[in-house]
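Trainee: I would like to learn how to read a protein model step by step. Could you take me through this one and give the general idea before each case?

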Amino acid sequence: MENLEFRFAAQPVKPAAGAALCGVVGSGNLEILIRPGDEADACTVVVKTSARGFGKIWEAVIAEFASRHPVGGTRIAINDMGATPAVVTLRLGQALGDYTGGAQ
Amino acid sequence: MNAPVYTNLVLRHSYFEATARSRVAAVLDAGSFREFLPPEVAQPSPHLAILDIPGAFDDGVIIGSAALGGKPVLVIAQEGQFMGGAVGEIHGAKIVGLLRRAALEKPAAVLFMVDSGGVRLHEANAGLIAISEIMRAVLDTRAAGVPVLALVGGSCGAFGGMGIVSRLCSAIIMSEEGRLALSGPEVIETVAGVEEFDSKDRALVWRVTGGKHRYLTGDCAELVEDDAAGFRQGAIDLLAGWNEPVPSSAGLRAEQERLSRRRQRFAGMRDGLEVWAALGVPDPRQVSLIDRDSLVALKKGLPA
């Protein structure tokens, strides 16, 4: 397992409720938990992944997502069981949609 | 060009394919579910972290309160996609806590959406103890007068300790796709050899553990379609006419006696086909092919 931590500057987002969970820690899948964070214009991400050595790809995938969507003011926690970058991007979008009340 | 209009198609939500969270949302009254220990306050398994395996925030089980047809119920839903729904220490503690709450609060029922291969072997003794605590808690909850309904229709079925737990519940609702047994097919093949049981023979696996077989042998109370609405209606129907006497040791002894007689009756049989013939099914080969309603009608016509 590898633990990764990132922080990205991002436009603030308004949550609909407290927290949102999306996905399952199953083979080729992951779960994403989005909660309100401390800084309104930043997003922190903690990843626990079963696949070692993919830190740079995680950083690129999440940075790209953070540049396209307002995710400021959130803490994102991810438990991963070998999801591909496409699945990660899909789940991030679903989780953010749930977090903002289906606005995405 | 006009888009085709489909009028005969009914949108079905497969229970087998769904996640635990979507099962909870689809089976219970819309918007009624309140989760206890939701992911944002729960802790993943410390045992899995030591073994360098990512955990899940809810440790693979969701518990909470909800309404079913307007009646208050408590709910347990195992997530089969996370470690095969296997029961670890936190997972088990959440189930036991919910059952104990049910014994105190006395809701109309506990719905236990089972989807599990049994003990989480990574957690060894903690998982085994958790299973035994769940067994005791199920019986205590029933003894307090609260029916515990097991819903078995997930991809992992109900095997190992969770097979026993399911049979300890007040009643089981299954779909054809659901499976219920003690040792799983691959375990039997590993221990006793492929001559004893070929776990790759999927049709055989279902003829021996599947929902239709369990319905014909009376191990499950209701057979429903693989559809969240089917499980929902099955649970509502069962509870509508519910009058289970509180479990007693005399009742358990009578059940033990019945099962011993059944064991002698079906001794030496190696396939569901033989059991169904012994039960009086005129053409056992048809059982796997007919739909749910036809099988329910067929069972009604069998000799008692």
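Mentor: Let us begin with a residue and its contacts, remembering throughout that this is a predicted model. In soluble globular proteins, nonpolar side chains tend to be buried together. Here V75(B), not counting residues up to four places away in sequence, touches V24(B), L28(B), F33(B), I63(B), G64(B), A66(B) and L111(B).

Trainee: How many residues does the largest nonpolar core have, and which residues have the most contacts inside it?

Mentor: The largest nonpolar core has 100 residues. Those with the most contacts inside it are V75(B), I76(B), V110(B), L111(B), F112(B), L149(B) and L151(B), so the residue we began with, V75(B), belongs to that list.

Trainee: How should I describe chain B as a whole, and what radius of gyration does chain B have?

Mentor: Chain B contains 12 helices and 7 strands, and its C-alpha atoms fill a box of roughly 60 × 55 × 45 Å along the principal axes. A compact globule with 304 residues would have a radius of gyration near 19 Å, and the 20 Å of chain B agrees with this. Of the 304 residues in chain B, 45% are buried, and among contacts between residues at least 6 apart in sequence, 72% join residues at least 24 apart.

Trainee: Is S116(B) buried or exposed, and where in chain B is S116(B) found?

Mentor: S116(B) sits in the loop between strand 4 and helix 4 of chain B, and S116(B) is buried because 31 other C-beta atoms lie within 10 Å, where 20 or more are needed. Leaving aside neighbours within four places in sequence, its contacts include Q78(B), G80(B), C156(B) and M162(B). The case of C156(B) shows how the fold brings residues together, for S116(B) and C156(B) are 40 residues apart along the chain, while their C-alpha atoms are separated by 5.2 Å.

Trainee: Which way does phi usually turn, and what phi do K106(B) and A124(B) have?

Mentor: Most residues other than glycine have a negative phi, and most peptide bonds are trans. K106(B), although not a glycine, has a positive phi of about 50 degrees, and K106(B) lies in the loop between helix 3 (89–105) and strand 4 (109–114) of chain B. A124(B) is not a glycine either and has a positive phi of about 45 degrees, but A124(B) lies in helix 4 (residues 124–143) of chain B. K106(B) is partly exposed, with 13 other C-beta atoms within 10 Å, and A124(B) also counts as partly exposed, with 13 C-beta neighbours inside 10 Å.

Trainee: What order do the elements of chain A follow?

Mentor: Chain A has 2 helices and 5 strands, which run β-β-β-β-α-β-α from the N terminus on. Its radius of gyration is 12 Å, close to the 13 Å that the globule rule gives for 104 residues, so chain A is as compact as a globular protein of that length. Buried residues make up 39% of the 104 residues in chain A.

Trainee: How can I read one helix, and which residues of helix 2 of chain A are buried?

Mentor: An α-helix has 3.6 residues a turn, so residues three or four places apart point the same way. In helix 2 (residues 85–99) of chain A, the buried residues are V88(A), R91(A), L92(A), A95(A), L96(A), D98(A) and Y99(A). They cover an arc of only 155 degrees around the axis, which puts them on the same side of helix 2 of chain A. These buried residues pack against strand 2 (20–23), strand 3 (30–36) and helix 1 (55–68) of chain A.

Trainee: What phi does G101(A) take just after helix 2 of chain A, and which residues are in contact with A16(A)?

Mentor: G101(A) takes a positive phi of about 80 degrees just after helix 2 of chain A. Leaving aside neighbours within four places in sequence, A16(A) is in contact with Y99(A), T100(A) and G101(A). A16(A) lies in the loop between strand 1 (2–9) and strand 2 of chain A, and A16(A) is exposed, with 12 other C-beta atoms within 10 Å.

Trainee: How many residues of chain B are in contact with chain A?

Mentor: In chain B, 13 residues are in contact with 17 residues of chain A. The residues on that side of chain B divide into 7 nonpolar, 3 polar and 3 charged.

Key:
Residues numbered from 1 in each chain as written. Chains lettered and ligands numbered in written order. Predicted model: local features only at pLDDT ≥ 70, side-chain atom pairs only at ≥ 80, totals over all residues. Helix = DSSP H or I, 4+ residues; strand = E, 2+ residues; numbered from the N terminus. Arc of directions from axis to C-beta. Contact = placed C-beta atoms within 7 Å. Core = buried A, V, L, I, M, F, W, Y, C linked by C-beta atoms within 7 Å. Rg over C-alpha atoms; globule rule 2.2 N^0.38 Å. Nonpolar A, V, L, I, M, F, W, Y, C, P; charged D, E, K, R; others polar.
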